[in-house]
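Please open the coordinates in a viewer and keep the sequence panel visible. The tour below proceeds by selections, each followed by a description of what is found there.

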Amino acid sequence: LLKSMEPDEVVDAILRAQRGETVVAPAMTAKLVKLYDQKGQDAGSLLDALTPREREILSHLSRGESNKAIARALDISHDTVKLHVRHILSKLNLTSRVEAAVFAIEHKSAQARK
């Protein structure tokens, strides 16, 4: 269930962001915790399921790049990037590009070995 934020929580989040703090929406907290709990999984076996192009795109996702920016960098179409992102999410059993980015950052050393 998604909980909406109270106005004072929104103001507090804005002030924290203005100070340079990282602000995570309450709805994302549970997802991030789930990702950290999965940390013990063998990242190598999960990454083995990805093609070299998907690992390359995952690397771009970890830097917070948009699909359009990834498409330009790799000289492929925006739709092709979207397809690769869908495959990455499916293969890694993730539901968002934010989760994919966190996964990539958490498993960077395993990814570098591929």
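Select E65 and display its side chain. In this predicted model, E65 is partly exposed, with a relative accessible area of 21%. The cut-off for a buried residue is under 20%, so E65 at 21% does not count as buried. Now add R63 to the selection. The side chains of R63 and E65 form a salt bridge, with 3.2 Å from N to O. R63 is partly exposed as well, at 48% relative accessibility. In general terms, side chains of opposite charge can pair when their charged atoms come close.

**Further charged pairs**

Select K82 and D79 next. Both residues belong to helix α6, where three residues, about one turn of the helix, set them apart. Their side chains form a salt bridge in which the closest N and O atoms are 3.9 Å apart. A salt bridge requires the nitrogen to lie within 4 Å of the carboxyl oxygen, so the pair K82 and D79, at 3.9 Å, still qualifies. Which of the two exposure classes applies to D79, exposed or partly exposed? D79 is exposed, because its relative accessible area is 54% and the class begins at over 50%. K82, by contrast, counts as partly exposed at 34% relative accessibility.

Salt bridges that share partners also join D12, R16, R19 and E21 into one network. Select these four residues together, then focus on R19 and E21. The closest N and O atoms of the R19 and E21 salt bridge are 3.1 Å apart. R19 is exposed, with a relative accessible area of 56%, while E21 is partly exposed at 38%. The count of salt bridges in the model comes to seven.

**The crossing of α4 and α6**

Hide the side chains and show the helices alone. Two packed helices are described by the angle between their axes and the distance between the axes. Select α4, residues 52-62, and α6, residues 78-91. These helices pack at an angle of about 95 degrees, and their axes are 10 Å apart. The helices α4 and α6 are therefore roughly perpendicular to each other. To see the contact itself, display R53, E54, I57, L58 and L61 on α4, together with H84, V85, H87, I88 and K91 on α6.

Keep H84 in view. This residue is found in helix α6. Is H84 buried or exposed? H84 is buried, with a relative accessible area of 16%. Leaving aside residues up to four places away in sequence, H84 touches R53, E54, I57 and I76.

From I57, move to A73. The residue A73 lies in helix α5, residues 67-74. A73 counts as exposed at 51% relative accessibility. A distance label drawn between the C-alpha atoms of A73 and I57 should read 10.0 Å, for residues 16 apart along the chain.

**The crossing of α4 and α7**

Return to α4 and add helix α7, residues 97-106. At what angle do α4 and α7 pack? The angle is about 100 degrees, with the axes 8 Å apart. The helices α4 and α7 are therefore roughly perpendicular to each other. On the α4 side, select L58, L61 and S62; on the α7 side, select R97, A100, A101, F103, A104 and I105, which they meet.

**A nonpolar surface patch**

Switch to a surface representation and select M5, V10 and I14. Together M5, V10 and I14 make a nonpolar surface patch of about 240 Å². M5 is found in the segment before α1, which covers residues 7-18. At 34% relative accessibility, M5 counts as partly exposed.

**The whole chain**

Finally, select the entire protein chain and colour it by secondary structure. The chain has eight helices and zero strands, in the pattern α-α-α-α-α-α-α-α along the sequence. Of its 114 residues, 32% count as buried. The accessible surface of the chain comes to about 7,400 Å², and carbon and sulfur atoms account for 56% of that area. Among the contacts with a separation of 6 or more, 59% are between residues 24 or more positions apart.

How values were computed:
Residues numbered from 1 in each chain as written. Predicted model: local features only at pLDDT ≥ 70, side-chain atom pairs only at ≥ 80, totals over all residues. Heavy atoms only, no water. Patch = residues over 30% accessible without salt bridge, like charges linked within 9 Å, V, L, I, M, F, W, Y side chains within 5 Å. Areas by Shrake-Rupley, 256 points an atom, 1.4 Å probe, with all protein chains shown as cover. Helix = DSSP H or I, 4+ residues; strand = E, 2+ residues; numbered from the N terminus. Buried < 20%, exposed > 50% of the residue type's maximum accessible area, 1.4 Å probe, protein only. Axes fitted to C-alpha atoms, helices over the stretch in contact; angles between N-to-C directions. Parallel < 35°, antiparallel > 145°, perpendicular 65-115°, else oblique. Contact = heavy atoms within 4.5 Å.
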